[in-house]
Each structure stands twice: as C-alpha cells, then as structure tokens.
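Welcome, and get your viewer ready. We will go from stop to stop, and at each one you select a few residues and see what is there.

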Amino acid sequence: MQGVRKAFGTNVVLDGVDLDVDAHRCVVLIGASGSGKSTLLRTVDLLEDVDDGVILLDGEDITDPRRDADAVRARMGMVFQAFNLFPHMRVLDNVTLASRLVHRVPRREAQERAHAMLERVGLGARADAFPDELSGGQQQRVAIARALVTSPRLMLLDEVTSALDPELVGEVLDLLGELKAEGMTMVVATHEMGFARHVADEVCYLHAGTVHERGTPEQVLGDPQQPRTREFLRRII
Ligand code: ADP
Ligand code: MG
C-alpha cells in the first residue's frame, strides 16, 4: 500500500497508509477500536474503494479502475470476526461455494478440495453438519477453510477470534500459526498480543490514519518508541 487514503464523509480513516507485506510474511495490525484496521483490510480486498494512493498485489495495481475486481479478490482469502457462514448450507457446501462460483471448478473437484481443506483444519468429520451444529471455534475454522480452498496468495484476517468464547480462541490462533509456518502470507488485525508476539514477523500500530509505529514484535510490543503506542499497549495488556 502506498499513500492509501480513505475517508467516510469528513471522517478520514486512512490518511496515507504505507505498508509492505513480503511473500510468506505475517503482518499484524494493532490499534484502538476505530483506528481503521478493518477499513485497511477491506480496501485491500476491494470491498472499499480508496480515495488516493495505490495498492499493489504481485506488482499489479489493484486499485486501477480497469482491473477485474473479482479476479483480484479471487487471489485473496478474507476471514471476518463474524464467521459469515451460510446457515442453511452444510459445511462442505459453504467451503465449495467460492471455488464453484468464482473459480468455476467442477463440483467433484471442488468437493475433493473442500474435503482436503476441512481435514486440514481438523474438521474432516463435520462436512455434513450445518454451521449451528458447530462451536464458534469450529465455525471459524470452516470460514478459514473456505478462504483457503482457492489457494489464495494472501490471507486477510479481521479479528477472527473476537467473537469466540475464550476457551475457543486457542484452536483458531493455533491454526493461523500453522498456516504461517507453512508459508502463507497474512495480514492479521487482532487484539491477541500473544499471537502477535509469537507469530508475527512485523507488528504495525495504526493511529490517526497512518502506520504510527512498526517493527518486530520485540520492538513494538517490548520496547515501543512512540508515546501513543506505549499508551495503547498499557491499556490493553
Ligand atoms: P477498526 O477496525 O480499527 O475498529 P474501522 O476500520 O472499523 O476500525 O473503522 C474506522 C473508522 O471508519 C470508524 O470511525 C468507523 O466508524 C468508520 N467507518 C468504517 N466503515 C464505515 C462505513 N462503511 N461508513 C462510514 N464510516 C465507516
Ligand atoms: Mg475492525
């Protein structure tokens, strides 16, 4: 992201955001509620238009109005706080839907891939369940499987454990740690400082519409340089 600016009316949420994410890296976004973490992720996933600046994916300007937004989005997997599974569809169908509709993968192949991905997230036995028959942690792992099944270049994860009961947070964070270890490129907005400390390559603190402070987890969480960062960390830890 280079100089990305995004306002809602007079509310300038992103005010010149610069952010680089190299392949296979995990960048964690931290910041107060309303600091623009979700908006940042949504601009990358082209769910919000930017007012200024550019976003490049593999060198291609994905904010260029001439690009094919669906084709760009197909190269990313996004997971939200509220799992957003389709309640009337079985787990397997939730996971196959995008490959069938967006990627035009034939049903059989889509189902094989979905089964493999459900195995991957530890839910191979629950393919025929409906979402409300699963725990929150299991539902979120289904949502992650759904995002992974199309082999995204980049995963965008927006507070994916915030809606979970505390005892279910670990299973989802463990899964993200495994994805990172397997080389997935990820941008993760989270309040889970343990995850940031142990999994992130880089931590970015968002404040006043910019990346106010960035560095390794040791630097930003252990020895923050900016007073604002220090104050934020003091409040949440
Ligand atoms: P965070 O995820 O860090 O909590 P958000 O990106 O959700 O922050 O929100 C940043 C700011 O943008 C907030 O002031 C929020 O009210 C505003 N905002 C987000 N989405 C919209 C929208 N669709 N319309 C108007 N304002 C929005
Ligand atoms: Mg948010």
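One definition will help on the way: a crossing of two helices is right-handed if the near helix is turned clockwise from the far one by less than a right angle, and left-handed if the turn is anticlockwise. Keep in mind, too, that this is a predicted model.

**Stop 1: the annotated stretch**

Start by selecting residues 1-233. UniProt, in an unreviewed entry, places the feature "domain: ABC transporter" here. Colour this stretch by secondary structure: 37% of it is helix and 22% is strand. The C-alpha atoms at its two ends are 25 Å apart.

**Stop 2: around ligand 1**

Now select ligand 1 and show the residues that surround it: F8, N11, V13, G31, S33, G34, S35, G36, K37, S38 and T39. Which element gives the largest share of this shell? It is α1, with 3 residues. Highlight β2 (11-17) and α1 (37-44), since each of them supplies at least two residues of the shell. Then colour the shell by class, and you should find 2 nonpolar, 8 polar and 1 charged residues.

**Stop 3: α5 beside α6**

Move on to helix α5 (residues 136-148) and helix α6 (residues 166-181). Their axes come within 8 Å and cross at roughly 20°. Angles under 35 degrees count as roughly parallel, and α5 and α6 are therefore roughly parallel to each other. Here you can put the opening definition to use: α5 passes α6 in a right-handed crossing. To see where they meet, show G136, G137, Q140, R141 and I144 in α5, together with L168, E171, V172 and L175 in α6. The residues of this contact divide into 4 nonpolar, 3 polar and 2 charged.

**Stop 4: α3 beside α5**

Keep α5 on screen and add α3. These two helices pack at an angle of about 30°, with their axes 8 Å apart. That angle makes α3 roughly parallel to α5. The crossing of α3 past α5 is right-handed. On the α3 side, show V91, N94, V95 and A98, which meet V142, A145 and R146 in α5. Sorted by class, the contact of α3 with α5 holds 5 nonpolar residues, 1 polar and 1 charged.

**Stop 5: α3 against α4**

For the last stop, keep α3 (residues 91-101) and add α4 (residues 107-120). At what angle do α3 and α4 pack? The angle is about 125°, and the axes are 9 Å apart. That makes α3 oblique to α4. Turn the view and check the handedness: α3 passes α4 in a right-handed crossing. Show V91, L92, V95, T96, S99 and R100 of α3, then R107, A110, Q111, R113, A114, M117 and L118 of α4, and you have the residues that make the contact. By class, 7 of them are nonpolar, 3 polar and 3 charged.

Methods
Residues numbered from 1 in each chain as written. Chains lettered and ligands numbered in written order. Predicted model: local features only at pLDDT ≥ 70, side-chain atom pairs only at ≥ 80, totals over all residues. UniProt positions renumbered as here; feature names shortened; annotations may be inferred. Helix = DSSP H or I, 4+ residues; strand = E, 2+ residues; numbered from the N terminus. Axes fitted to C-alpha atoms, helices over the stretch in contact; angles between N-to-C directions. Parallel < 35°, antiparallel > 145°, perpendicular 65-115°, else oblique. Contact = placed C-beta atoms within 7 Å. Nonpolar A, V, L, I, M, F, W, Y, C, P; charged D, E, K, R; others polar. Near = placed C-beta within 6 Å.
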